[in-house]
Amino acid sequence: RGRVVLLYLFPPFADTSTMIDLSELRAAFESPDLVVLGLSHESTDGRQTRHMIERYHVNFPVLLAAEATVTRYEGLGSAYLVGRDGVLLDRFAVTRARDMRPLLEAVIAGGDASDTVRRDH
């Protein structure tokens, strides 16, 4: 609570441009008000995820997700934006993470992001 959270659920072979975009977003904001968090799902012990993190210089925390989590959160390749109050603001099918910048700016600024939210579902 108290911070905006962008949660991205992905396979370890995720689209590299999305991972790079999310890392760039995280670096651009450098704000304690924003948390970018990745959840990776793989059937191995995390080797593929660690390799991807190192290769693409991912600068946000990434956790391994169980299959039950993947099912609960509607599958891989989804991003969730959670407001400061812990309420889910929206779910996205991520194609270009940098396109989320206006939305993140609005939410972090404390404004009403409802006009900015683009529904992909």
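Which residues of α4 are buried? In this predicted model, in which residues are numbered from 1 along each chain as its sequence is written, local features need a pLDDT of at least 70, side-chain atom pairs count only at pLDDT 80 or more, and totals for chains, interfaces and linings use all residues. Side-chain values rest on heavy atoms, with hydrogens and water left out. The buried residues of α4 are L103, L104, A106, V107 and I108, where buried means under 20% relative accessible area, exposed means over 50%, and partly exposed lies in between, as computed with a 1.4 Å probe on protein chains only.

The protein chain contains four helices and five strands, and these elements are DSSP runs numbered from the N terminus, with helices being H or I runs of at least four residues and strands being E runs of at least two. Along the sequence, the elements follow the pattern β-α-β-α-β-α-β-β-α. Of the 121 residues in the protein chain, 43% are buried. Among contacts between residues at least 6 apart in sequence, 67% join residues at least 24 apart, a contact being heavy atoms within 4.5 Å.

The pairing of the strands can be described from β1 outwards, with two strands counted as paired if DSSP finds at least two bridges between them. Strand β1 (4–10) is joined to β2 (34–40) by seven bridges, and these two strands run parallel; V5 has V35 as its bridge partner in β2, and L6 stands opposite V36 in β2. The residue V5 also has a bridge partner in β4, namely V82, and β1 and β4 pair in the antiparallel sense over five bridges. Six of the seven residues of β1 are buried, so this strand is largely enclosed by the rest of the structure. Strand β2 is likewise mostly covered, with six of its seven residues buried. Three bridges join β2 to β3 in a parallel arrangement, and G38 stands opposite V62 in β3. Between these two strands the chain crosses from β2 through α2 to β3, and this β-α-β crossover is right-handed, which is the term used if, with the strands pointing away from the viewer, the path from the first strand over the helix to the second runs clockwise.

The largest nonpolar core has 22 residues, and those with the most contacts inside it are L6, M19, L34, F60, L81 and L104; such a core is a set of buried Ala, Val, Leu, Ile, Met, Phe, Trp, Tyr and Cys residues joined through side-chain atoms within 4.5 Å. Two or more residues are given to this core by each of β1, α1 (16–29), β2, β4 and α4 (101–108). Apart from this core lies another, of five residues, among them L7, L39, A65 and Y80.

Helix α1 has 14 residues and reaches 20 Å from its first C-alpha to its last, close to the 20 Å expected at 1.5 Å a residue, the expected span being 1.5 Å times one less than the number of residues. Within α1, the residues T18, M19, D21, L22, S23, L25 and F29 are buried, and what covers the buried residues of this helix includes β1, β2, α2 (47–55) and α4. One of these buried residues, D21, lies 9.7 Å from M100, C-alpha to C-alpha, although the two are 79 residues apart in sequence. The residue M100 is in the loop between β5 (88–93) and α4, and M100 is buried, with a relative accessible area of 7%.

A polar side chain is also found in a buried position: S78, in strand β4 (residues 78–82), has a relative accessible area of 2% and is therefore buried. The side chains of S78 and R91 are joined by a polar contact of 3.1 Å, that is, a pair of N or O atoms within 3.5 Å, of which, within protein, one must be able to donate a hydrogen and the other to accept it, while residues adjacent in sequence count only if both atoms are side-chain atoms.

Some backbone angles complete the description. Most residues other than glycine have a negative phi. The residue H57, which is not a glycine, has a positive phi of about 50°; H57 is in the loop between α2 and β3 (62–64) and is exposed, with a relative accessible area of 63%. A positive phi, near 35°, is also found for E30, which follows α1, and G110, just after α4, takes a positive phi of about 90°.
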